[in-house]
Amino acid sequence: MRSHSVITINQVNHYYGSGKLRKQILFEVSTEIRAGEVVIMMGPSGSGKTTLLTLIGALRATQEGSLKVFGHELNGASENLLVRVRHNIGYIFQAHNLLNSLTTRQNVQMSLELHEKLPLSMRQQKSEAMLEAVGLGKQIHAYPDELSGGQKQRVAIARALVSHPKLILADEPTAALDKKSGRDVVELMQQLAKQQGCSILIVTHDNRILDIADRLIHMEDGWLTSVENTNRNIEETTRPLLPVS
Ligand code: ADP
Ligand code: MG
(Lines give C-alpha, C1' and ligand atoms only; values in the text may rest on other atoms or scores of the structure.)
(Ligands and ions follow the chains in the order given, each with its own letter.)
Protein backbone atom coordinates (compact mmCIF):
# COMPACT_ATOMS: atom_id res chain seq x y z
CA MET A 1 0.00 0.00 0.00
CA ARG A 2 1.42 3.41 -0.92
CA SER A 3 1.59 5.85 1.94
CA HIS A 4 -0.19 9.17 1.60
CA SER A 5 1.40 12.36 0.40
CA VAL A 6 2.72 14.76 3.04
CA ILE A 7 4.11 17.35 0.64
CA THR A 8 2.82 17.91 -2.89
CA ILE A 9 4.55 20.61 -4.92
CA ASN A 10 3.30 21.52 -8.35
CA GLN A 11 4.92 24.05 -10.69
CA VAL A 12 6.24 26.34 -7.97
CA ASN A 13 8.11 29.47 -9.04
CA HIS A 14 9.72 31.89 -6.61
CA TYR A 15 11.12 35.38 -7.01
CA TYR A 16 13.13 37.70 -4.79
CA GLY A 17 13.18 41.48 -5.16
CA SER A 18 10.79 43.68 -7.10
CA GLY A 19 10.75 45.85 -10.19
CA LYS A 20 13.99 45.70 -12.17
CA LEU A 21 15.67 43.78 -9.36
CA ARG A 22 13.11 41.01 -9.41
CA LYS A 23 14.94 37.75 -9.88
CA GLN A 24 13.52 34.28 -10.36
CA ILE A 25 15.05 31.77 -7.96
CA LEU A 26 12.85 28.66 -8.33
CA PHE A 27 11.57 27.37 -11.67
CA GLU A 28 8.59 25.04 -12.14
CA VAL A 29 9.49 22.95 -9.11
CA SER A 30 7.33 19.85 -8.75
CA THR A 31 7.78 16.89 -6.44
CA GLU A 32 6.08 14.89 -3.75
CA ILE A 33 7.10 13.47 -0.39
CA ARG A 34 5.15 10.65 1.17
CA ALA A 35 4.52 9.67 4.76
CA GLY A 36 7.56 8.04 6.35
CA GLU A 37 9.89 8.95 3.47
CA VAL A 38 13.42 10.27 4.04
CA VAL A 39 14.39 12.55 1.16
CA ILE A 40 17.75 14.23 0.73
CA MET A 41 18.07 17.36 -1.39
CA MET A 42 21.50 18.22 -2.75
CA GLY A 43 22.77 20.98 -4.98
CA PRO A 44 25.31 23.79 -5.21
CA SER A 45 25.27 26.76 -2.90
CA GLY A 46 22.84 29.43 -4.10
CA SER A 47 20.72 26.99 -6.13
CA GLY A 48 17.55 27.60 -4.08
CA LYS A 49 17.49 24.74 -1.58
CA THR A 50 16.90 26.85 1.53
CA THR A 51 14.30 28.90 -0.31
CA LEU A 52 12.35 25.75 -1.15
CA LEU A 53 12.70 24.46 2.41
CA THR A 54 11.33 27.69 3.89
CA LEU A 55 8.39 27.62 1.45
CA ILE A 56 7.56 24.04 2.46
CA GLY A 57 7.99 25.01 6.12
CA ALA A 58 5.36 27.75 5.75
CA LEU A 59 8.03 30.27 6.79
CA ARG A 60 7.75 32.17 3.50
CA ALA A 61 4.71 32.85 1.31
CA THR A 62 4.29 30.71 -1.81
CA GLN A 63 3.97 33.12 -4.75
CA GLU A 64 3.20 30.91 -7.74
CA GLY A 65 2.13 27.33 -8.17
CA SER A 66 0.67 24.89 -5.72
CA LEU A 67 2.34 23.75 -2.51
CA LYS A 68 0.35 21.45 -0.30
CA VAL A 69 1.56 20.37 3.12
CA PHE A 70 -0.56 17.86 5.09
CA GLY A 71 -3.18 18.39 2.38
CA HIS A 72 -3.41 22.15 2.99
CA GLU A 73 -2.73 24.54 0.12
CA LEU A 74 -0.14 27.09 1.31
CA ASN A 75 -0.45 29.41 -1.69
CA GLY A 76 -2.86 32.08 -0.47
CA ALA A 77 -3.30 30.44 2.94
CA SER A 78 -4.30 32.51 5.95
CA GLU A 79 -1.75 33.24 8.68
CA ASN A 80 -3.89 31.10 10.95
CA LEU A 81 -3.51 28.06 8.69
CA LEU A 82 0.23 28.68 8.27
CA VAL A 83 0.62 28.71 12.06
CA ARG A 84 -1.26 25.42 12.37
CA VAL A 85 0.90 23.83 9.67
CA ARG A 86 4.07 25.06 11.43
CA HIS A 87 2.97 23.39 14.67
CA ASN A 88 3.27 20.03 12.91
CA ILE A 89 6.76 20.62 11.54
CA GLY A 90 10.08 20.08 13.35
CA TYR A 91 12.78 22.43 12.09
CA ILE A 92 16.47 21.61 12.36
CA PHE A 93 18.46 24.40 10.83
CA GLN A 94 22.19 24.75 10.51
CA ALA A 95 22.64 27.29 13.25
CA HIS A 96 20.95 25.26 15.91
CA ASN A 97 19.43 28.37 17.52
CA LEU A 98 19.50 27.11 21.08
CA LEU A 99 18.89 29.74 23.71
CA ASN A 100 22.03 30.06 25.80
CA SER A 101 20.19 31.25 28.88
CA LEU A 102 18.10 28.05 29.02
CA THR A 103 19.20 24.56 30.03
CA THR A 104 19.02 21.77 27.46
CA ARG A 105 15.76 20.55 28.96
CA GLN A 106 14.23 24.02 28.88
CA ASN A 107 15.30 24.42 25.25
CA VAL A 108 13.57 21.16 24.31
CA GLN A 109 10.55 21.96 26.45
CA MET A 110 10.01 25.17 24.51
CA SER A 111 8.54 23.27 21.57
CA LEU A 112 5.92 21.83 23.88
CA GLU A 113 4.84 25.25 25.14
CA LEU A 114 2.75 25.51 21.98
CA HIS A 115 0.78 22.54 23.22
CA GLU A 116 -0.47 24.32 26.34
CA LYS A 117 -2.83 21.55 27.27
CA LEU A 118 0.02 19.44 28.58
CA PRO A 119 0.68 20.00 32.27
CA LEU A 120 4.16 21.28 33.13
CA SER A 121 5.26 18.03 34.77
CA MET A 122 4.36 16.13 31.60
CA ARG A 123 6.27 18.59 29.43
CA GLN A 124 9.34 18.17 31.62
CA GLN A 125 9.02 14.41 31.56
CA LYS A 126 8.67 14.25 27.75
CA SER A 127 11.62 16.59 27.27
CA GLU A 128 13.81 14.50 29.55
CA ALA A 129 12.78 11.27 27.79
CA MET A 130 13.62 12.78 24.41
CA LEU A 131 17.01 14.01 25.65
CA GLU A 132 17.69 10.52 26.93
CA ALA A 133 16.73 9.11 23.52
CA VAL A 134 19.35 11.32 21.84
CA GLY A 135 21.96 10.27 24.38
CA LEU A 136 21.94 13.40 26.51
CA GLY A 137 20.25 12.05 29.64
CA LYS A 138 23.13 13.29 31.77
CA GLN A 139 23.10 16.79 30.26
CA ILE A 140 19.51 17.83 30.92
CA HIS A 141 20.59 20.63 33.26
CA ALA A 142 23.60 21.71 31.20
CA TYR A 143 23.62 24.99 29.28
CA PRO A 144 24.38 25.04 25.52
CA ASP A 145 27.81 26.64 26.14
CA GLU A 146 28.82 23.54 28.05
CA LEU A 147 28.06 21.19 25.14
CA SER A 148 30.05 20.20 22.05
CA GLY A 149 28.81 20.99 18.52
CA GLY A 150 27.48 17.47 18.09
CA GLN A 151 25.69 17.58 21.42
CA LYS A 152 24.08 20.93 20.59
CA GLN A 153 22.86 19.54 17.30
CA ARG A 154 21.38 16.58 19.20
CA VAL A 155 19.54 19.01 21.49
CA ALA A 156 18.16 20.67 18.35
CA ILE A 157 16.97 17.26 17.14
CA ALA A 158 15.35 16.50 20.48
CA ARG A 159 13.63 19.88 20.35
CA ALA A 160 12.37 19.22 16.81
CA LEU A 161 11.10 15.72 17.62
CA VAL A 162 9.64 16.10 21.12
CA SER A 163 6.27 17.31 19.87
CA HIS A 164 6.02 14.39 17.42
CA PRO A 165 5.87 16.46 14.21
CA LYS A 166 4.55 14.88 11.03
CA LEU A 167 7.39 16.42 9.06
CA ILE A 168 11.01 17.29 9.80
CA LEU A 169 12.86 19.86 7.72
CA ALA A 170 16.61 19.91 8.23
CA ASP A 171 18.88 22.44 6.50
CA GLU A 172 22.49 21.22 6.44
CA PRO A 173 22.22 19.66 9.89
CA THR A 174 25.72 18.16 9.76
CA ALA A 175 27.56 21.17 8.32
CA ALA A 176 29.26 22.12 11.59
CA LEU A 177 30.00 18.58 12.71
CA ASP A 178 32.91 16.19 12.27
CA LYS A 179 32.41 13.00 10.27
CA LYS A 180 31.42 10.76 13.18
CA SER A 181 29.05 13.17 14.93
CA GLY A 182 27.49 14.12 11.58
CA ARG A 183 26.72 10.50 10.86
CA ASP A 184 25.42 9.88 14.39
CA VAL A 185 23.13 12.89 14.20
CA VAL A 186 21.42 11.89 10.95
CA GLU A 187 21.09 8.26 11.96
CA LEU A 188 19.45 9.39 15.14
CA MET A 189 17.08 11.64 13.23
CA GLN A 190 16.20 8.80 10.90
CA GLN A 191 15.60 6.27 13.69
CA LEU A 192 13.50 8.56 15.83
CA ALA A 193 11.51 9.73 12.85
CA LYS A 194 10.80 6.21 11.62
CA GLN A 195 9.55 5.32 15.09
CA GLN A 196 7.19 8.28 15.01
CA GLY A 197 6.26 7.67 11.36
CA CYS A 198 7.13 11.14 10.16
CA SER A 199 8.70 12.27 6.89
CA ILE A 200 12.09 13.95 6.69
CA LEU A 201 13.53 16.35 4.13
CA ILE A 202 17.24 17.03 4.60
CA VAL A 203 19.31 19.52 2.65
CA THR A 204 22.96 18.48 2.67
CA HIS A 205 26.29 18.61 0.88
CA ASP A 206 27.47 15.69 2.92
CA ASN A 207 28.07 12.67 0.68
CA ARG A 208 28.63 10.44 3.65
CA ILE A 209 24.99 10.44 4.73
CA LEU A 210 23.28 9.81 1.39
CA ASP A 211 22.57 6.17 2.16
CA ILE A 212 20.03 7.07 4.84
CA ALA A 213 17.73 8.51 2.16
CA ASP A 214 14.88 6.70 0.46
CA ARG A 215 15.20 9.19 -2.36
CA LEU A 216 17.61 11.88 -3.55
CA ILE A 217 16.60 15.06 -5.33
CA HIS A 218 18.95 17.62 -6.88
CA MET A 219 18.49 21.36 -7.16
CA GLU A 220 20.46 23.27 -9.76
CA ASP A 221 19.98 26.95 -10.58
CA GLY A 222 16.45 26.75 -9.22
CA TRP A 223 15.45 23.61 -11.13
CA LEU A 224 14.90 20.22 -9.61
CA THR A 225 17.10 18.37 -12.08
CA SER A 226 16.88 14.75 -11.14
CA VAL A 227 15.12 12.42 -8.82
CA GLU A 228 16.79 9.21 -7.81
CA ASN A 229 15.05 6.38 -6.09
CA THR A 230 17.38 4.54 -3.79
CA ASN A 231 15.20 1.44 -4.08
CA ARG A 232 14.90 0.93 -0.45
CA ASN A 233 11.86 -0.34 1.30
CA ILE A 234 10.79 2.24 3.87
CA GLU A 235 9.77 -0.50 6.30
CA GLU A 236 13.25 -2.00 6.29
CA THR A 237 14.71 1.09 7.90
CA THR A 238 12.54 0.74 10.97
CA ARG A 239 14.75 -0.16 13.90
CA PRO A 240 13.85 -0.30 17.54
CA LEU A 241 15.41 2.35 19.74
CA LEU A 242 14.46 3.67 23.13
CA PRO A 243 10.72 4.11 23.50
CA VAL A 244 9.70 7.64 22.66
CA SER A 245 6.35 8.98 23.69
P1 ADP B 1 20.88 27.51 -1.23
O2 ADP B 1 20.20 27.19 0.06
O3 ADP B 1 20.78 26.43 -2.25
O4 ADP B 1 22.31 27.92 -1.01
P5 ADP B 1 19.18 29.86 -1.28
O6 ADP B 1 17.77 29.41 -1.39
O7 ADP B 1 19.64 30.30 0.06
O8 ADP B 1 20.15 28.77 -1.90
O9 ADP B 1 19.39 31.08 -2.27
C10 ADP B 1 19.03 31.00 -3.65
C11 ADP B 1 19.32 32.35 -4.32
O12 ADP B 1 18.43 33.32 -3.78
C13 ADP B 1 20.72 32.90 -4.08
O14 ADP B 1 21.12 33.55 -5.25
C15 ADP B 1 20.54 33.87 -2.95
O16 ADP B 1 21.50 34.89 -3.04
C17 ADP B 1 19.15 34.41 -3.20
N18 ADP B 1 18.44 34.77 -1.96
C19 ADP B 1 18.26 33.98 -0.89
N20 ADP B 1 17.52 34.58 0.06
C21 ADP B 1 17.24 35.82 -0.42
C22 ADP B 1 16.53 36.93 0.09
N23 ADP B 1 15.93 36.90 1.27
N24 ADP B 1 16.45 38.04 -0.70
C25 ADP B 1 17.03 38.09 -1.93
N26 ADP B 1 17.73 37.07 -2.45
C27 ADP B 1 17.84 35.95 -1.73
MG1 MG C 1 20.99 27.04 2.01
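These legends walk through several close-up views of a predicted model.

**View 1. Strand 8 sits between two parallel neighbours.**
Start with strand 8, residues 199–203, which pairs with strand 3 and with strand 7. Strand 3 covers residues 38–42, runs parallel to strand 8 and is joined to it by four bridges. To find this pairing, look for Val38, whose bridge partner in strand 8 is Ile200. On the strand 7 side, residues 167–171 pair with strand 8 over five bridges, again in the parallel sense. Two pairs help you trace that contact: Leu167 has Ser199 as its bridge partner, and Ala170 stands opposite Ile202. As a general reminder, strands of a sheet pair through backbone hydrogen bonds, either parallel or antiparallel.

**View 2. The side chains of strand 8 point two ways.**
Is strand 8 largely enclosed or open? Five of its five residues are buried, so strand 8 is largely enclosed by the rest of the structure. Buried here means that under 20% of a residue's relative accessible area is left. Follow the strand along and you will see Ser199, Leu201 and Val203 pointing one way, while Ile200 and Ile202 point the other way. Residues on both sides of the strand are buried.

**View 3. Strand 7 is enclosed as well.**
Strand 7 also has five of its five residues buried, so it is largely enclosed by the rest of the structure. Leu167, Leu169 and Asp171 point one way from strand 7, and Ile168 and Ala170 point the other way. Besides strand 8, strand 7 has a parallel partner in strand 6, residues 89–93, to which five bridges join it. A good landmark for this pairing is Phe93, whose bridge partner in strand 7 is Asp171.

**View 4. A helix links strand 7 to strand 8.**
How do you get from strand 7 to strand 8? The two strands and helix 6, residues 179–196, make a right-handed β-α-β unit. Two residues to look for in the loop between strand 7 and helix 6 are Ala176 and Leu177. Ala176 counts as exposed, at 71% relative accessibility, whereas Leu177 is buried, with a relative accessible area of 12%. The C-alpha atoms of Ala176 and Gly150 are separated by 8.2 Å, although these residues are 26 apart along the chain.

**View 5. Ten named residues surround ligand 1.**
Which residues are found around ligand 1? They are Tyr16, Ile25, Pro44, Ser45, Gly46, Ser47, Gly48, Lys49, Thr50 and Thr51. By class, this shell has three nonpolar, six polar and one charged residues. Helix 1, residues 49–56, gives the largest share of the shell, with three residues.

**View 6. Oxygen atoms of ligand 1 meet the protein.**
Zoom in further and look at Ser47, where a backbone N or O atom lies 3.2 Å from an oxygen atom of the ligand. Lys49 reaches in with its side chain, placing a polar atom 2.8 Å from an oxygen atom of ligand 1. For Thr50, an N or O atom of the side chain is 2.8 Å from a ligand oxygen. The protein covers 59% of the 560 Å² of accessible area that ligand 1 has on its own.

**View 7. Four strands form an open antiparallel sheet.**
In what order do the strands of this open sheet lie? The order is 2-1-4-5, and the pairing is antiparallel. Strand 2 (23–34) and strand 5 (72–73) are the edge strands, each pairing on one side only. Strand 1, residues 5–16, pairs with strand 2 over eight bridges. To find your place in that pairing, look for Thr8, whose bridge partner in strand 2 is Glu32.

**View 8. Two residues have a positive phi.**
Most residues other than glycine have a negative phi. Ala58 is not a glycine, yet it has a positive phi of about 60°. You will find Ala58 in the loop between helix 1 and strand 4 (64–69), where it is buried, with a relative accessible area of 1%. His164, also not a glycine, has a positive phi of about 50°. It belongs to the loop between helix 5 (149–161) and strand 7. Is His164 buried or partly exposed? With a relative accessible area of 35%, His164 is partly exposed.

Key
Residues numbered from 1 in each chain as written. Chains lettered and ligands numbered in written order. Predicted model: local features only at pLDDT ≥ 70, side-chain atom pairs only at ≥ 80, totals over all residues. Heavy atoms only, no water. Buried < 20%, exposed > 50% of the residue type's maximum accessible area, 1.4 Å probe, protein only. Pairing = 2+ DSSP bridges. Right-handed = clockwise from strand over helix to strand, strands pointing away. Near = heavy atom within 4 Å. Polar contact = N/O pair within 3.5 Å; in protein donor to acceptor, adjacent residues only side chain to side chain. Areas by Shrake-Rupley, 256 points an atom, 1.4 Å probe, with all protein chains shown as cover. Nonpolar A, V, L, I, M, F, W, Y, C, P; charged D, E, K, R; others polar.
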